[in-house]
Amino acid sequence: MVENLVIVESPAKAKTIEKFLGKDFQVKSSFGHIRDLAKKNLGIDIEKDYEPQYIVPDDKKAIVKELKKLAKDAKIVWLASDEDREGEAIAWHLLKELDLDIKKTKRIVFHEITKEAIQGAIKTPRLIDENLVNAQQARRILDRLVGFELSPVLWKKVRPSLSAGRVQSVAVKLLVEREREIINFKSESFFKITGLFKTNKNEELKADLSERIKSPEKTLELLEKCKKAAYNITDVVKKPGKKSPSAPFTTSTLQQEASRKLGFSVGQTMSVAQKLYEAGKITYMRTDSVNLSTMAIGAAKNVILNEYGEKYLKTRNFKTKSKGAQEAHEAIRPTFIENQEVSGTDGEKRLYDLIWKRTVASQMSEAQLEKTTISINLSNDEHKFVAVGEVLKFDGFLKVYLESTDDENEEEVKGLLPAVNKGEDVEYNSIGAVERFTHHPARFTEASLVKKLEELGIGRPSTYAPTIYTIQNRGYVIKEDREGKDREYISYILSNNEIKEQKKKEITGAEKKKLFPTDIGMVVTDFLSEHFDEILNYNFTASVEEEFDEIANGKLIWSKMIDKFYKPFHKTVENTLETSSRSVGERALGDDPTSGKPIIAKIGPYGAMVQIGSKDDEEKPRFASLQRGQHLETITLEEALELFKLPRDLGQYEDKKVVVSIGRFGPYVRHDSKFVSLPKEENPYKIELDRAIELIEEKREKDRLKTIKIFEEDPEVQVLNGRWGPYISYNKNNYKISKEIEASKLTLEQCMDIIKAEEKTGKKGKVKKTKKIVAKKKTTKK
DNA sequence: CAGTGAGCGAGCTTCCGCTTGACTT
């Protein structure tokens with residue numbers, strides 16, 4: 001029996017700490033929260049002053065049972081969860097659920113995982129801070145009330161299974177607003193004029209005109225002047241500058257840099273970091289702190305002195321800037337900064353390398369720069385050319401690490417300029433004017449959205465990645481690449497006293513791994529903004545956080561705070577359910593020229609669609625789904641009319657009609673009540689009979705190859721060849737055949753055995769996971 | 001692999017923050 005039981009949140013942490021504490025201490029992990037609100041009836045008793053109903057979730061039952069037993073046997077139980085709101089609540093739940101005797105229970109906290117810090121914590125135990133626990137309960141209850149009252153409104157007013165919440169709905173709103181800014185953005189063109197000059201030492205000097213010029217006429221006018229002008233250097237200014245290293249990584253900055261430098265999704269970053277953490281290679285990866293322990297700074301100092309010398313050393317402490325940071329952990333850093341590399345997968349190595357460099361660089365000296373600005377005047381015009389160069393005088397931390405930026409406008413690398421003197425004359429070699437265009441605000445990537453959320457104080461390090469996943473999973477947002485479009489632009493070149501004009505082409509607007517709001521994401525955001533403006537407001541989280549702080553300071557009673565929010569909120573929910581109409585994002589596009597009926601775009605039961613006429617007309621309305629790349633917000637009447645050109649009758653084949661149309665699985669050809677999907681490169685609006693017949697024949701051939709065996713005794717049982725190898729089809733269900741069996745030799749009896757065997761095991765294990773899919777199939781089949 | 005439509009059916013869906021595995025496709 002061990003006298004002391006220490007409970008922390010993470011098992012990896014437990015393992016490390018156990019080593020520091022010696023034989024009398026057993027360290028166990030709670031694996032995060034051990035209780036949560038029940039899912040039935042909100043899990044909150046509104047009538048009883050919002051009394052929470054806590055239960056232990058199924059996947060936590062085993063760990064609770066084990067901890068309970070160990071706690072019973074221990075003389076002292078040390079609750080060592082993190083020192084923040086959630087950590088305090090975990091300690092309190094443990095106290096309650098494990099039924100701990102308050103006299104033998106002690107609450108301790110530490111900020112860094114070192115022997116001294118932990119032994120120090122053991123010497124200074126305290127009581128559980130009930131106020132802080134209450135702040136957490138208020139947070140939890142508020143989120144449940146918002147999520148579980150808002151989501152059902154969406155099920156009734158927009159579409160089933162949708163979700164809304166304090167965090168996710170705001171994340172989607174950010175994307176929707178940005179997308180609309182982009183849609184409404186009007187790009188303007190201007191001319192960027194760059195001169196290549198020759199100094200009297202025959203060196204080349206590149207300089208840009210200090211102003212943009214809007215019209216081609218004005219540009220040409222200026223170029224004409226340039227022909228005749230004399231050029232003189234009127235100014236050479238040298239200014240020292242410096243660059244400082246960024247703070248060590250937090251969860252959010254790690255996600256951003258891994259996205260920019262390694263191309264990782266935020267989910268990928270977190271799972272690779274988790275692996276490194278579990279292997280003891282880095283500190284905890286879910287943190288909002290930029291703080292390094294004194295031990296870590298000491299280790300970084302040694303590394304820098306050994307590797308780069310004293311000139312490169314400058315230790316510092318960084319301060320957290322982000323809103324609502326709770327700083328229960330250190331920044332993300334290598335556990336042993338001496339280790340510049342680690343073993344592991346390619347991803348682990350690369351992420352570790354990034355963390356190592358960022359940590360070490362944060363304790364290095366600034367880079368020293370010299371910025372040179374050279375101005376060149378024209379003898380016959382007010383405009384002037386300016387050349388800016390930057391020279392690195394001392395690299396400092398840049399020797400190790402340079403943070404990248406989200407800025408997509410590839411700025412030219414400024415380099416060294418030739419040595420020139422004020423008053424010196426130069427001549428031009430050539431002067432070019434290129435038409436450029438103003439750029440719409442950038443679309444969000446997963447990582448830049450996390451950055452924005454963090455700035456607004458919405459969400460926590462442990463939820464950034466799951467939130468990004470949820471909004472994609474619910475269909476509010478899609479991450480994808482989009483192809484750019486061709487754009488023409490004009491370019492003039494003046495050389496040898498002659499101006500030449502060229503029309504050039506470039507590709508613009510291409511997007512890679514960007515987040516786009518979907519039609520449903522826009523409709524839901526509009527609906528929520530209209531009825532629940534308060535919750536969608538970017539400041540909502542910040543303002544409730546202030547109140548949580550007051551609860552934590554004992555200045556506010558949590559149930560009062562909840563009541564003040566809930567009463568009016570609940571009224572709005574009821575009001576909205578009663579009075580608002582269904583929201584399908586309806587947009588009128590104009591009238592159909594043939595029938596004169598109005599054409600509208602809206603969300604239908606199967607996604608975005610266009611419709612001619614309405615339900616109430618005598619004739620049934622006609623429907624067509626929007627195609628990939630088309631959106632409710634932007635589809636035009638012309639595009640809609642195009643969609644109604646289907647189904648198309650192509651003619652006859654084998655005395656039966658051949659019809660091409662688009663169904664829920666994409667474009668298809670129908671012939672003799674059989675369907676053939678069109679391959680991607682075929683266009684249903686243009687395909688002709690000959691090609692359709694080819695496709696029909698191809699499909700027939702494939703079907704012939706598909707069938708391995710059909711049993712005469714029972715034609716329902718078929719052995720078929722599928723995408724993943726042979727399988728058995730029976731009563732519209734499919735059953736896999738294990739690899740050891742040769743499919744062509746199966747007998748009917750053997751097939752039935754396989755079917756029976758799978759139904760047994762299938763029902764036990766699968767039911768839970770496939771529930772959703774089964775339910776969906778039912779509704780779509782009928 | 002199979003499936004190619006535009007609200008009757010029964011019952012389900014959902015939140016945010018703490019933590020890791022156990023599952024396939």
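Helices (H or I, at least four residues) and strands (E, at least two) are DSSP runs, numbered from the N terminus. The model is predicted: local features need pLDDT of at least 70, side-chain atom pairs count only at pLDDT 80 or more, and totals for chains, interfaces and linings use all residues. Residues are numbered from 1 along each chain as its sequence is written, chains are lettered from A and ligands numbered from 1 in the order in which they are written, and side-chain values use heavy atoms, with hydrogens and water left out.

Chain A contains 20 helices and 30 strands. Its C-alpha atoms fill a box of roughly 90 × 90 × 60 Å, taken along the principal axes. Of the 782 residues in chain A, 45% are buried. Here buried means under 20% relative accessible area, exposed means over 50%, and partly exposed lies in between (1.4 Å probe, protein chains only). Contact means heavy atoms within 4.5 Å. Among contacts in chain A with a separation of 6 or more, 68% join residues 24 or more positions apart.

Helix α12 covers residues 446-455, and 7 of its 10 residues are buried, so the helix is largely enclosed by the rest of the structure. The buried residues are E446, A447, S448, L449, V450, L453 and E454. They pack against α6 (168-184), α8 (251-262), α9, α13 (464-473), β15 (477-482) and β18 (511-517). G457 follows α12 and has a positive phi, near 75 degrees.

Helix α17 spans residues 558-579. Its 22 residues reach 32 Å from the first C-alpha to the last, close to the 32 Å expected at 1.5 Å a residue. The expected span is 1.5 Å times one less than the number of residues. A kink of about 30 degrees lies at Y566, shortly before the proline P568. The bend at a residue is the angle between axes fitted to the seven residues ending there and the seven starting there. W558, S559, M561, I562, F565, Y566, F569, V573 and T576 are buried in α17. The buried residues pack against β5 (51-52), α5, α14 (519-531), α15 (533-536) and α16 (540-552).

R85 lies in helix α3 (residues 85-97). R85 counts as buried because its relative accessibility is 7%. Leaving aside neighbours within four places in sequence, R85 is in contact with L132, A135, Q136, R139, Q326, E545 and F548. D129 sits in the loop between α4 (115-123) and α5 (130-157). D129 is partly exposed, with a relative accessible area of 28%. The C-alpha atoms of D129 and D592 are separated by 68 Å, and the two residues are 463 residues apart along the chain.

DNA strand B has 57 residues around it, of which H33, S161, P605, Y606 and K706 come nearest. A residue is near a strand if one of its heavy atoms lies within 4 Å of it. Of the strand B atoms within 4 Å of the protein, 52% belong to sugar or phosphate and the rest to bases. A phosphate oxygen of strand B is 2.7 Å from a side-chain N or O atom of Q168. For the side chain of T463, the corresponding distance is 2.9 Å. A backbone N or O atom of V167 lies 2.9 Å from a phosphate oxygen of strand B. Elements giving two or more residues to this surface are α5, α9 (266-278), β22 (622-625), β25 (666-671) and β26 (674-677). Helix α5 gives the most, with 9 residues.

How values were computed: A polar contact is a pair of N or O atoms within 3.5 Å; within protein, one must be able to donate a hydrogen and the other to accept it, and residues adjacent in sequence count only if both atoms are side-chain atoms.
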